[in-house]
Amino acid sequence: MITHRLIHGWEYIQGSLGGVWEVWRKDKLNNHYNLSWLGVELPHCFNALDAMDPDRPYYQGPGWYRTLLSIHNPYPNGRTLLHFEGAGQHTEVYVFGDRIGEHQGGYDEFTIDITDRLTEGNFPEYYGSKVPIAIRCDNTRNLEAIPSDVSDFNLYGGLYRYLNLVYVPALSIETVHVITDVSADRAEAAVHVKLYNPEKDKRQISLRLQVWDESEQEVFADVIVKENWADTEVIAQFPVENAKLWSPDTPHLYTCKVTLQLETLETIETTLTVRFGLRYFDFIEKGPFHLNGQRLLLRGTHRHEDHAGVGAAMTEEMIREEMRLIKEMGANFIRLGHYQQSRIVLDQCDELGLLVWEEIPWCRGGLGGTSYRQQCKDMLTAMIEQHRNHPSIILWGLGNENDWEADFNHFDEQEIRDFMHELHQLSHELDDTRLTAIRRCDFCRDIIDVYSPSIWAGWYRAAVWGESCHCCS
């Protein structure tokens with residue numbers, strides 16, 4: 001796998017344009033067509049400035065990005081992908097005039113395969129060997145999509161997280177998950193590997209597995225050779241001797257490297273490397289939180305992914321600085337509200353030692369129809385699959401203030417309860433090593449594992465502090 005961040009060489013224009021042809025019209029007319037494209041770098045948020053004024057509505061609508069890419073995939077019959085680390089809120093991807101794919105949701109990662117559109121001669125000759133790419137991002141208000149526009153945060157638009165050009169072989173490693181089972185007297189790890197193999201390639205496949213700790217001491221190594229590979233396989237399960245447990249004070253991390261080797265006319269080798277940690281935790285009912293068998297007072301804060309002057313388009317350097325400041329102020333816990341955040345944020349939580357509650361953006365507004373509910377499930381699935389290796393995460397958040405009706409002419413508490421139960425079950429099916437949580441929806445408190453009423457005395461209602469947090473239903 002070869003990855004390139006696409007930062008430079010982009011142009012942006014705000015508005016619908018009427019269609020993708022307007023993106024390229026000026027090139028055919030030798031730039032005499034008068035559209036005011038602005039040169040930008042990624043990440044870029046088109047609400048970087050207008051969302052700062054609380055007395056004036058910020059722009060909600062479409063915006064277009066365009067660039068010319070030099071694409072040289074070194075793998076025979078390999079795939080060329082555009083990997084989005086997040087874009088808001090509905091994204092359509094075009095190669096010249098053809099729409100290749102789309103994605104609904106502003107916070108989860110997604111990949112668009114552009115391989116089939118890269119045939120030589122498919123583009124006008126005035127582009128030379130370059131490939132014209134256009135991307136339409138749209139944050140128009142949509143009642144049948146999450147999050148609700150009545151949420152108390154901006155629904156930013158744009159390519160506001162990093163976008164990557166990725167080359168992979170025709171048969172490649174898609175995901176590596178390291179599932180841990182830790183207690184006071186033992187620690188085990190199981191390595192789950194998913195291959196991209198739609199053609200059901202039956203060639204002999206060799207996987208080399210290497211696991212080491214922070215001091216680069218080898219923990220486990222093996223070579224797995226087999227044929228007829230299924231979509232996902234557990235390639236190894238092993239005890240970790242003398243385990244170094246992850247905690248806010250000692251955020252020990254292990255590294256797992258999986259290398260796929262295919263014997264063809266020339267050997268094709270690709271690698272995927274992930275990090276993981278060993279820890280166990282428990283919320284004692286009506287009692288304290290325990291991490292690795294020891295009581296731990298959670299001292300934390302809440303984070304939205306935005307910054308003055310750039311909106312949601314925070315660079316890696318900005319994110320690292322912010323997370324460092326959170327750790328230095330004495331926090332050991334952070335709630336990432338109210339949506340899946342950048343992979344960089346989770347990497348920092350792992351490295352710095354910040355326990356995490358991460359949630360999907362089912363936030364206020366009520367409960368929509370079929371597509372609305374499917375998006376909730378899709379975003380929960382994506383969040384867990386994309387972030388489950390992070391030892392910092394202990395809670396998967398299923399919603400926020402779901403007792404707040406607004407977007408629909410109906411509000412049925414039982415309907416919301418039933419759907420919350422579906423999400424709770426889905427979360428545990430996908431990841432039974434973590435707990436579920438919601439904030440402030442009292443009629444759902446008995447469904448999830450950890451409930452926070454977040455009364456905010458004096459803010460939402462009377463200035464008298466009411467009941468304390470009920471941890472574990």
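**Notebook: two antiparallel sheets in a predicted model**

I began with overall size. The chain has 473 residues, and a compact globule of that length would have a radius of gyration near 23 Å. The chain has 24 Å, so the two agree. I note here that this is a predicted model.

Next I looked up the dimensions. The C-alpha trace spans about 70 × 60 × 40 Å along its principal axes. I then checked burial. Buried residues make up 52% of the 473 residues. For the surface, I noted that the chain exposes about 21,500 Å². Carbon and sulfur atoms supply 48% of that area.

I turned to contacts along the chain. Taking contacts with a separation of 6 or more, I found that 70% join residues 24 or more positions apart.

**Secondary structure**

I listed the elements. The chain holds five helices and 27 strands. I picked two sheets to follow.

**Sheet with β11, β12 and β15**

This one is an open sheet of three strands, in the order β11-β12-β15, with antiparallel pairing. I asked why one side of β11 and of β15 is left without a neighbour in the sheet. β11 (172–182) and β15 (232–239) stand at the edges, and each has a single partner strand, so one side of each stays unpaired in the sheet. Neighbouring strands here are turned by 20° against each other on average, direction ignored.

I went down to the β11 pairing. β11 runs antiparallel to β12 (residues 187–196), and 10 bridges link the two. I looked up one bridge by residue: Ile173 has Leu195 in β12 as its partner.

**Sheet with β14, β13, β16 and β17**

Here I found four strands in an open sheet, ordered β14-β13-β16-β17 and paired antiparallel. Its edge strands are β14 (218–226) and β17 (268–276), and each pairs on one side only. On average, neighbouring strands of this sheet are turned by 15° against each other, direction ignored.

I then took the pairing of β13 with β16 (residues 254–262). The two strands are antiparallel and joined by seven bridges. Within β16, Cys256 stands opposite Val211.

**Ser206**

I stopped at one residue of β13 (residues 205–212), namely Ser206. Is Ser206 buried or exposed? Its relative accessible area is 16%; the cut-off for buried is under 20%, so Ser206 counts as buried.

I also looked up what Ser206 touches. Leaving out residues up to four places away in sequence, I recorded Val223, Ile224, Val225, Thr259, Leu260 and Gln261.

Terms used:
Residues are numbered from 1 along each chain as its sequence is written. This is a predicted model: local features need pLDDT of at least 70, side-chain atom pairs count only at pLDDT 80 or more; totals for chains, interfaces and linings use all residues. Side-chain values use heavy atoms; hydrogens and water are left out. Two strands pair if DSSP finds at least two bridges between them. Axes are lines fitted to C-alpha atoms, for helices over the stretch in contact, and angles run from 0 to 180 degrees between N-to-C directions. Buried means under 20% relative accessible area, exposed over 50%, partly exposed in between (1.4 Å probe, protein chains only). Contact means heavy atoms within 4.5 Å. The radius of gyration is taken over C-alpha atoms; the globule rule is 2.2 Å times the number of residues to the power 0.38. Accessible areas come from the Shrake-Rupley method with a 1.4 Å probe; for residues, only the protein chains shown count as cover.
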